[in-house]
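Trainee: I would like to take a close look at a single part of this model, and to see how that part sits within the whole chain.

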Amino acid sequence: QITGVQLEVGTVATPFEHHSYGEELALCQRYYQQIQNQNLVGTGAVYGSGLDTYIGISLKQTMRANPTVSWTTGTDYWKRYSAGSSGNFSSLDGTQGLVNGTDLVLVYYVSNVGSAGSAAWLQTNNANAVLSFSAEL
């Protein structure tokens, strides 16, 4: 077992970099984040005909670049609440409004719950439902 090793380019050593667990986690979250375990994904509003819903998601850390968003699918993996009702569905439809370097991502999906202009929120509805954001190199 080896710890405290730092590789250097060239012949001059620089001071050893010590990062706390929190600093290292924040650096990692610039590349990858996910939401799972039946948690709230985000809040937003129902748009247009009442089918499309736009959800704002505050990421834990600003991504290093515009992330690729992916999600798992399965029967009733997702739940949308709006206007006093809720509806389960199997998959998200897509993403829109991804802006490089920001901490807000908009995800939309279709479910026949709520009416145009009403507030809404999205959550995972199954322990296997995962929404992930990747900004790998």
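Trainee: In which sense do β5 and strand β6 pair, and over how many bridges?

Mentor: Before the strands themselves, a word on what is shown: this is a predicted model, in which local features need pLDDT of at least 70 and side-chain atom pairs count only at pLDDT 80 or more, while totals for chains, interfaces and linings use all residues. Residues are numbered from 1 along each chain as its sequence is written, and side-chain values use heavy atoms, with hydrogens and water left out.

β5 and strand β6 (residues 85-89) pair in the antiparallel sense over five bridges, where pairing requires that DSSP finds at least two bridges between the two strands. Within this pairing, Y81 has S86 of β6 as its bridge partner. The hairpin of β5 and β6 has two residues between the strands, and in this hairpin A83 takes a positive phi near 50 degrees.

β5 also pairs with β9, since five bridges join these two strands, which run antiparallel; here R80 has L122 in β9 as its bridge partner. Strand β5 (residues 78-82) is largely enclosed by the rest of the structure, because four of its five residues are buried, buried being under 20% relative accessible area, exposed over 50% and partly exposed in between, with a 1.4 Å probe and protein chains only.

From R80 one can turn to the loop between β8 (104-110) and β9 (119-124), where G114 is placed. The C-alpha atoms of G114 and R80 are separated by 9.1 Å, although the two residues are 34 apart along the chain. G114 counts as partly exposed, because its relative accessibility is 34%.

As for the setting, the protein chain has one helix and 10 strands, helices (H or I, at least four residues) and strands (E, at least two) being DSSP runs numbered from the N terminus. Read along the sequence, the pattern is α-β-β-β-β-β-β-β-β-β-β. Of the 137 residues of the protein chain, 31% count as buried. Among the chain's contacts (heavy atoms within 4.5 Å) between residues at least 6 apart in sequence, 73% join residues at least 24 apart.

Away from β5, L7 lies in the segment before α1 (21-29) and counts as exposed, because its relative accessibility is 81%.
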